Structures are given as structure tokens and as C-alpha cells.
Amino acid sequence: MSRNVGTNKRLRPVFIDEDLVKQLLDWHEARHAIEQAFVAVSNQSREPGARYGDQPVSSQPARTFVQAEGGVLLCMPGFVGQHQLTSGSDERTSTLACKLITSFRKNASVGLPSINGEVFVFSSTTGKLEAIVEANYLTGIRTATASLVATDHLFLRPARASAPDGMVSIQLGIVGCGFQGMMHAVGFVRTQSMARVRTIRLWNRTPARAAQLKELLIEERKKTDSNYSVFVCDTVEDCCRDCDVIVTATGSGEPLVYRSFLKQKVHINAVGAGEYHHAELAQDVYDDCQVYIDHWEGARKELATLRSNIVGEVGEVILRESHPKGASLLPKPDGMSVFQSLGMASEDVTVGRLVYEKHLKAHDRSDRD
Ligand SMILES: NC(=O)C1=CN([C@@H]2O[C@H](COP(=O)(O)OP(=O)(O)OC[C@H]3O[C@@H](n4cnc5c(N)ncnc54)[C@H](OP(=O)(O)O)[C@@H]3O)[C@@H](O)[C@H]2O)C=CC1
Ligand SMILES: O=C(O)C1=NCCCC1
């Protein structure tokens with residue numbers, strides 16, 4: 001019997017709360033899910049005859065924004081077809097899902113997260129709702145993982161390839177130590193097989209939050225058997241100085257990072273989004289860098305006012321590693337790259353499915369025939 005056909009119990013969607021999501025999601029599995037999402041979107045962008053049959057596909061319209069008095073509701077539907085749940089597995093699955101997420105920036109004053117969401121996972125054969133997954137932590141890990149994947153494919157892999165011992169170490173700058181800044185810092189230290197983290201420099205508008213993140217990263221240092229140093233910086237300039245990789249994750253509507261703060265060769269993950277997509281980096285940064293995006297469909301709408309050299313989707317860079325074709329899309333060896341992260345539904349689709357499948361495996365295996 002196929003899943004979700006049979007008893008009433010099987011027809012009822014499962015609810016996977018925040019605590020369970022934290023137990024179920026792991027950085028390495030999330031990475032594979034995000035790579036599948038990136039690749040699916042870029043495979044779909046090709047002409048139908050030019051798509052790779054061994055790679056996933058997707059259907060993902062630009063998301064919609066509904067403005068309310070205190071914030072905004074984003075509706076993010078998407079489908080990813082024939083994606084792999086785990087690296088190396090022959091098994092493929094297809095997932096239809098929709099994330100509903102709100103961004104209410106003044107929530108901190110009442111002790112709530114500014115971003116709150118759920119992913120609704122549907123059967124892609126019957127359309128029946130199978131699971132509701134709380135998506136605050138999910139959004140944190142999927143957004144940080146998207147930056148990790150972009151950093152790896154655009155910056156670290158080429159660096160590893162030219163390093164004599166194939167090893168790279170980085171100085172990391174985190175501009176904005178809210179939830180996303182924290183998830184990104186933790187993501188980098190938990191996935192040091194990509195690059196050893198030597199130093200972490202933190203800046204936050206409210207310094208106490210950077211100091212809190214420093215404490216957490218010192219705990220992480222013990223857990224991960226690392227030996228990086230952590231500094232809280234008084235200025236953004238000091239935070240960015242000598243960094244190889246930078247994450248900007250603020251709600252700033254004004255530029256924070258200027259070209260003069262940066263090394264010649266640097267990779268930036270510009271994550272702060274929502275109402276001001278590309279406000280965190282000054283125009284002189286955009287004048288001198290190559291920009292990579294998660295999806296053209298969203299960029300055409302949400303980055304319409306960005307004046308820069310947009311090279312393409314990260315997924316296309318990943319696809320070309322296994323299917324070399326045409327000129328390289330990689331950043332210039334001594335240039336600056338920016339991953340302009342909008343966030344896209346396909347990421348929530350593959351990560352939402354991963355959580356649901358892991359939940360079934362761990363808690364409800366007998367429900368599956
Ligand atoms: N690309 C993507 O996929 C996603 C992007 N985002 C975006 O990431 C950003 C951070 O989200 P999140 O961490 O969840 O939010 P939080 O509310 O947890 O953190 C917000 C951060 O932004 C800082 N900040 C706000 N306004 C300013 C300002 N004017 N100047 C400098 N710093 C400022 C805050 O500093 P302080 O502590 O002083 O208040 C805090 O560090 C948001 O813009 C959000 O829309 C979120 C999810 C996904
Ligand atoms: O992709 C997301 O999820 C979000 N992007 C912009 C801000 C809200 C959440």
C-alpha cells in the first residue's frame with residue numbers, strides 16, 4: 001500500500017515541532033539537500049532538451065509578499081522532482097511543499113524571533129498534506145547551509161585545488177550576530193572539513209549580542225575540538241579586516257560594508273534580505289565583484305535595482321563541476337565574489353522533506369508500508 005493511503009491515522013498530517021527539527025537536522029545532510037535544491041533550480045532553467053536526466057528538476061515561482069502593519073508574510077511554494085535524500089543513494093523522491101514565513105522586525109522588543117515560519121509538505125502524487133514542519137531553526141540551518149555551499153563551490157574548492165596540501169584555513173567575519181549570524185558562525189565551525197576556521201571576527205549593532213555569540217563559539221570550540229580565536233569588533237571595518245569569508249546578516253537598510261574594508265580576494269555571503277535585499281554592501285563593493293544568486297526567477301523581481309555583474313546561479317556552477325560545458329563561471333582567481341542570498345522555496349522543499357523522512361524513520365516507521 002502506498003504511503004498516506006489506508007487508516008485515518010495515516011491520513012492525518014504529522015506536526016514536527018522546533019525541538020524535533022533540531023534533533024533531526026544535521027549540517028552534513030542539510031548540505032546535500034541544499035545542493036539538490038540549487039542544482040534542481042538550475043537544471044530546470046535549461047532548455048528542456050538540454051536538461052540533465054540524472055539531476056533533479058524544480059518548479060518554483062517568485063514568492064509573494066503580503067505587507068501587514070508590523071511586518072510581511074512571504075508565501076514560498078515549490079516542487080523539486082527526482083531529488084536524492086542522501087548523498088550517494090540510488091533512491092529518488094519528489095516533493096511538493098510551501099513555506100509560509102513572516103518577518104516582523106520589532107519582535108525582539110517583545111522577546112520573539114523576528115522571523116517565524118512553517119513548511120507544509122504535501123504528497124506529490126495525491127496533493128494531500130503530509131506534514132507541517134516548524135521552520136525557524138529550519139530556515140536558520142538552510143540559509144546558513146546555502147551560504148556554506150556557495151562559499152565552498154565559489155571560493156574554497158578553487159582554493160583547496162591550488163593549495164599544496166589541499167587544505168585551506170580562513171578568517172571569518174560575521175556582520176550581524178542575530179539568529180542568522182549565529183547559525184552561520186556555527187555552520188562554519190561544524191563543517192571544517194571544507195576549511196579550517198582560524199579566526200572569527202564578530203560585529204553587531206548592539207555589542208552585547210556579539211559578546212553572547214562569542215561565548216557560544218567558545219563552547220563550540222570545545223565541542224568541535226577546534227582552536228580558532230574569536231574577537232568582538234567595535235566597527236564593521238575592523239570586523240572585515242583581513243577576512244577571507246564574510247557573512248552579512250542584518251536588517252540594515254544602509255550600507256555597512258565598503259570596498260576599502262576588504263581584502264582584494266574575499267568571498268561575501270550577503271544574507272540580509274526581506275525589505276532591503278542588497279542594502280548591506282556599498283555600491284563600491286558591487287562595482288568590483290562578481291555576484292552569484294540562488295535563482296534567476298526571484299532575482300529578476302527582488303534584485304531588479306541591483307547594479308552589479310550577476311554571473312549566474314550557484315546551481316549552474318555546481319552542475320558544471322560534473323558536466324563541464326562552456327566557459328568557467330568561477331570567480332576570477334584574485335577577485336571578489338558575493339553570494340546574494342535571497343532564500344528560495346526549493347531549499348525549504350528539500351530540507352522539509354529531509355526532516356519529514358527522518359521523522360518517519362525515527363518515530364513512525366510502522367506508518368509506512
Ligand atoms: N537570505 C535568506 O534566505 C534569509 C535572509 N534573512 C534575513 O537575514 C537578516 C537577519 O535575520 P535574523 O538573524 O533572523 O534576524 P534577527 O532579528 O535575529 O537579527 C537581526 C540582526 O540585524 C541587526 N540589525 C537590524 N537592523 C540593523 C541596522 N539598521 N544596522 C545594523 N544592524 C541591524 C540586528 O542588530 P541588533 O542586535 O542590534 O538589533 C541583528 O543583529 C534579515 O534581514 C532577514 O530578512 C532571514 C532568513 C533567510
Ligand atoms: O527565504 C526566506 O526564508 C526568507 N527570506 C527573506 C526574509 C524572510 C525569510
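**Notes on the predicted model: ligand shell, domains, core and selected residues**

1. Helix 5 is the element that gives the most to the shell around ligand 1, contributing three residues. The model discussed here is a predicted one, and every remark below should be read with that in mind. Helix 4 and helix 5 (179–190) each supply at least two residues of this shell. Of the 27 residues around ligand 1, those that come nearest are Gly178, Gln180, Arg205, Thr206 and Gly343.

2. As to the character of the shell around ligand 1, its residues divide into 17 polar, eight nonpolar and two charged. Both domain 1 (14–138 + 347–361) and domain 2 (143–344) give residues to the shell, so it lies between them.

3. The domain assignment of the protein gives domain 1, which is made of two segments, 14–138 and 347–361, and domain 2, which covers 143–344. Between the C-alpha centres of domain 1 and domain 2 there is a separation of 22 Å. The contact takes 22 residues from domain 1, while 25 residues come from domain 2. On the side of domain 1 that touches domain 2, helix 3 (residues 27–45) gives the most, with eleven residues. That side of domain 1 divides into eleven nonpolar, six polar and five charged residues.

4. The largest nonpolar core has 101 residues, and those with the most contacts inside it are Val133, Leu138, Val175, Ala185, Ile200, Leu202 and Val355. Its largest share, twelve residues, comes from helix 4 (residues 136–162). Because domain 1 and domain 2 both give residues to this core, it lies between them, as the shell around ligand 1 also does.

5. Valine 355 deserves a separate remark, being one of the residues with the most contacts inside the core. Leaving aside residues up to four places away in sequence, valine 355 touches Ile16, Val21, Leu24, Leu25, Val133 and Leu138. Val133 and Leu138 are themselves among the residues with the most contacts inside the core.

6. Two residues that are not glycines have a positive phi, and a colleague inspecting the backbone may wish to look at them together. Glutamine 82, with a phi of about 60°, is found in strand 4 (residues 72–84). Since glutamine 82 has 17 C-beta neighbours inside 10 Å, it counts as partly exposed. Aspartate 242, whose phi is near 65°, is found in the loop between helix 7 (236–240) and strand 11 (245–248). Aspartate 242 counts as exposed because it has 12 C-beta neighbours inside 10 Å, and a residue with 12 or fewer is placed in that class.

7. Glutamine 290 lies in strand 13 (residues 289–293) and, with 18 C-beta neighbours inside 10 Å, counts as partly exposed. Not counting residues up to four places away in sequence, glutamine 290 touches Asn309, Val311, Pro331, Lys332, Gly335 and Ser337. Glutamine 290 and threonine 64 are 226 residues apart along the chain, and their C-alpha atoms are separated by 27 Å.

8. Leucine 216, finally, is found in helix 6 (residues 207–223). Is leucine 216 buried or partly exposed? Leucine 216 is partly exposed, because 14 other C-beta atoms lie within 10 Å, whereas a buried residue would need 20 or more. From leucine 216 to serine 328 the distance in space is 39 Å, C-alpha to C-alpha, and the two residues are 112 residues apart in sequence.

Technical notes. Residues numbered from 1 in each chain as written. Chains lettered and ligands numbered in written order. Predicted model: local features only at pLDDT ≥ 70, side-chain atom pairs only at ≥ 80, totals over all residues. Helix = DSSP H or I, 4+ residues; strand = E, 2+ residues; numbered from the N terminus. Contact = placed C-beta atoms within 7 Å. Core = buried A, V, L, I, M, F, W, Y, C linked by C-beta atoms within 7 Å. Domains from an automatic or database assignment. Near = placed C-beta within 6 Å. Nonpolar A, V, L, I, M, F, W, Y, C, P; charged D, E, K, R; others polar.
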